[in-house]
Amino acid sequence: MKLSLLEKKQETPAIYSFVFKSEGKLQFVAGQFIGLTIPHENPDNRGVRRNFSIASSPTEDFIMIATRFIQGGSTFKKALLSLEQGEEAQAAGPFGRFLLPEDNRDCVFITGGIGITPIRSMLEFATDKRLHNRLVLLYSNATPEEAAFYSFLNELQTHNPNLDIVFTVTKPEGSKVPWSGRVGRIDEALVKEKIRNLENTIFYLCGPPSLVET
């Protein structure tokens, strides 16, 4: 399926989001991912295709992905960042089973950095569909500036009484803006603080390998 770029936006100093219009309705479930192909000259050994979580919800009329960029990154990332409005990419999928439960179990999302992308999709979907699941998001970043979709998530929380978001930062001294929120990593104490019923809770882990392993 062809995707046409509508907008690209710098979400954080290192993360950009890309909003696409699809040539037809892409049928997917919140939390799934797509394979994106962008042909470009002299691709490196990783090729012209990458997988990206879909950050938008099926209830929204666009397809959004987001990714982190680092200096000296892959030729694919450079080709993606250089896309202009109206230019196209090819999408395959959707794929994946990182999905919301079909029952009303509590959901705890533990994430950091760019791991927020599929969770954004699920939280938006749950809010739009008025699902009854209690949703807890524990979102860790080094500084508040690095929290992608920060304003969006805060706004979403005002529309969903079942959504509880905890932003925590590990290096507030590195921030250029004041931070009065929670400080420290996501740990056992924080998780236990937010659990109501362990046996009725499903946990989602998505983020840097070190966070998931911890």
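This report walks through a helix and a set of paired strands in a predicted model.

## Helix α2

Let's start with α2, which covers residues 116-128. Does its length fit what you'd expect, and what should its 13 residues span? At 1.5 Å a residue they should span 18 Å, and the end C-alpha atoms do sit 18 Å apart, so the two agree. Right after the helix comes Arg-130, with a positive phi near 55°.

How many of the 13 residues of α2 are buried? The count is 11, so to speak of α2 as mostly covered is fair, given that buried means under 20% relative accessible area. Among them are Ile-116, Pro-118, Ile-119, Met-122 and Leu-123. The buried list also includes Arg-120 and Glu-124, along with Thr-117, Ser-121, Ala-126 and Thr-127.

## Strand β9 and its partners

Next up is β9, residues 163-169. Six of its seven residues are buried, so the rest of the structure largely encloses this strand.

Which strands does β9 pair with? One is β8 (residues 135-141), which runs parallel to β9 over seven bridges. In that pairing, Tyr-139 stands opposite Phe-167 of β9. Another is β10 (residues 182-183), also parallel, joined to β9 by two bridges. Here Val-169 stands opposite Val-183 of β10.

## The link through α3

What do β8, α3 and β9 make together? With helix α3 taking residues 150-159, the three form a β-α-β unit, and that unit is right-handed.

Conventions:
Residues are numbered from 1 along each chain as its sequence is written. This is a predicted model: local features need pLDDT of at least 70, side-chain atom pairs count only at pLDDT 80 or more; totals for chains, interfaces and linings use all residues. Side-chain values use heavy atoms; hydrogens and water are left out. Helices (H or I, at least four residues) and strands (E, at least two) are DSSP runs, numbered from the N terminus. The expected span of a helix is 1.5 Å times one less than its number of residues. Buried means under 20% relative accessible area, exposed over 50%, partly exposed in between (1.4 Å probe, protein chains only). Two strands pair if DSSP finds at least two bridges between them. A crossover is right-handed if, with the strands pointing away from the viewer, the path from the first strand over the helix to the second runs clockwise.
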